[in-house]
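Q: I am new to this structure and would like to learn how to read its features one at a time. Could we begin with the general idea each time and then turn to the case at hand?

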Amino acid sequence: MLALACGVSVANVYFPQAISPLIASGLRVSPDSAALVATATQVGYAAGLFLLVPLGDRLRHRPLIVTLLALTGLGLLAASAAPTLHVLVAASAVIGVTTVVPQIIMPMAAGLVPDGRRGAVVGTLLGGLLGGILLARTFSGSVGEWLGWRAPYLVAAVLTLLLAVGLAFAVPTTTPPSRQRYPALLAASVRLLRAEPELRRSCVYQATLFGGFSAAWTSLALLVTGPVYGLSGHAVGLIALVGAGSVLCTSAAGRWVDRRGPGVVNLVCVLGTLAAAAVLVPGALGGTAGLAALVVGMLLLDIGVQCGQVANQARIFALRPEVRSRLNTAYMTCSFIGGSVGSWLGVRAYIHLGWRGVCGLVAVVALIALAWYVLRRAPRRNTIPAEATATQGAEAAEGAGGR
């Protein structure tokens, strides 16, 4: 049920991308203006990561999760009834801010299971998250073409509100690990990034690989719809569906993390990303062989990034149980910064160097992650560092001072 909540929540960030042309037609605005809906949702999501996810360490999880889901559902209803683009953009920003529930659920779930099952649990939740990402565009495009652009918002609102009711009974009662004031919670994420080398390790791995992932996916639309292939945007969605294979790998990656430690999984994912960059190069040639290279290469890239996410989050959740949400805030913020920079660089690389330049960019960021792995190699298994244990008392004292 928690995995389903992750998938439905994160889908709200991605499904508006597929119905942007329908919104433009329905509200009689230009396609460029309609694209602001997806942008507003993503900007709101980034803000929610920083502003709301740390509250998972301060408030009880059940009311926090249920409240955010309820607000998301109301935002979706408002979006479905929006009479103008301005109202829709404002509602989309609210949806983005409140739809950060997956990043609250994952630290909570990691604290509810023994250390030996943490990787498997994170992998299962990420499987639900990936399912939501992969199916979001297909769902909204199909429903929107059939019933109009407002229908996907209505369906998403019903699903989100039903989940809010279900999780009001299903989520166990938890005790907040911190009593710090809200400004201190926000500052703690930055302090943890400075203090925890294993957090920095996870941030570097994910920021680099997710940057390459974003560069490739952003540029893929330009390649597939350009003169080399001359296909429609639906072809990009079909290639994205192939990435569903990565969902099957996340649970296995989680079990591997439990047995071998996150470092081994990170190394395999980095090497897999390098292999994906090589496989993608023939995609510049066009034709059936080129399209096959794109499909296989993007699948490898998906698997590398998503399985690396499992390893990275399992690592950070093992560091300091009392600050898991703040650790996740720092990690996800770095990840999305890497993804944003990767998207920008990917488009520039495609414009100036073509598809092979994009593949080179993916290889370069993977080599950066590999160099970090070699130069700052960690122990085989992840344990709570002694210095982190020693600082837990200080954390408790700081929290008491903030009351």
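A: Let us begin with a definition: a residue counts as buried when its relative accessible area is under 20% and as exposed when that area is over 50%. The model shown here is predicted, and in it His 86, which lies in helix H6, counts as exposed because its relative accessibility is 68%. The C-alpha atom of His 86 is separated by 9.9 Å from that of Ser 33, although the two residues are 53 places apart along the chain.

Q: Is Tyr 153 buried or exposed, and which residues does Tyr 153 touch?

A: Tyr 153, found in helix H9, has a relative accessible area of 1% and is therefore buried. Leaving out residues up to four places away in sequence, Tyr 153 touches a set that includes Phe 15, Pro 16, Leu 76, Ala 79, Ser 80 and Leu 88. Of these, Leu 76, Ala 79 and Ser 80 are among the buried residues of H5.

Q: How does the same reading apply to Phe 317, and is Phe 317 buried or exposed?

A: Phe 317 belongs to helix H15, which covers residues 287-317, and with a relative accessible area of 0% this residue is buried. Beyond its neighbours within four places in sequence, Phe 317 is in contact with Met 106, Pro 107, Ala 110, Arg 118, Val 122, Arg 324 and Asn 328. Its C-alpha atom is also 9.3 Å from that of Leu 199, a residue 118 places away along the chain.

Q: What should I look for in a helix such as H5, and what covers its buried residues?

A: An α-helix has 3.6 residues a turn, so residues three or four places apart point the same way. Helix H5 runs over residues 61-80 and reaches 28 Å from its first C-alpha to its last, close to the 28 Å expected. Its buried residues include His 61, Leu 64, Ile 65, Leu 68 and Leu 69, and what covers the buried residues of H5 includes helices H1, H6, H7 and H9.

Q: How do H5 and H7 pack, and at what angle?

A: Two packed helices are described by the angle between their axes and the distance between the axes. H5 and H7 pack at an angle of about 160 degrees, with their axes 10 Å apart. That angle makes H5 roughly antiparallel to H7, and the crossing of the two is left-handed. On the H5 side, His 61, Leu 64, Ile 65, Leu 68 and Leu 69 meet Val 101, Ile 104, Ile 105 and Met 108 of H7.

Q: Within what distance do the axes of H1 and H8 come, and at what angle do they cross?

A: The axes of H1 and H8 come within 7 Å and cross at roughly 35 degrees, and this crossing is right-handed. Among the residues that make the contact are Ala 3, Cys 6, Gly 7 and Val 10 of H1, together with Leu 125, Gly 128, Leu 129 and Gly 132 of H8.

Q: What is notable about the phi angle of Arg 28?

A: Most residues other than glycine have a negative phi. The phi of Arg 28, however, is near 55 degrees, a positive value. Arg 28 lies in the loop between helices H2 and H3, and with 76% relative accessibility it counts as exposed.

Q: Where is the confidence of the model lowest, and where is it highest?

A: The protein chain averages a pLDDT of 83, and 90% of the residues score at least 70. Confidence is highest in H5, at 95, and lowest in helix H17, residues 386-401, at a mean of 38. Over residues 379-403 the pLDDT is below 50, and this stretch has 40 contacts in the model beyond near neighbours in sequence.

Notes:
Residues numbered from 1 in each chain as written. Predicted model: local features only at pLDDT ≥ 70, side-chain atom pairs only at ≥ 80, totals over all residues. Heavy atoms only, no water. Helix = DSSP H or I, 4+ residues; strand = E, 2+ residues; numbered from the N terminus. Expected span 1.5 Å × (residues − 1). Buried < 20%, exposed > 50% of the residue type's maximum accessible area, 1.4 Å probe, protein only. Contact = heavy atoms within 4.5 Å. pLDDT = per-residue confidence, 0-100. Axes fitted to C-alpha atoms, helices over the stretch in contact; angles between N-to-C directions. Parallel < 35°, antiparallel > 145°, perpendicular 65-115°, else oblique. Left-handed = near helix turned anticlockwise from the far one by under 90°.
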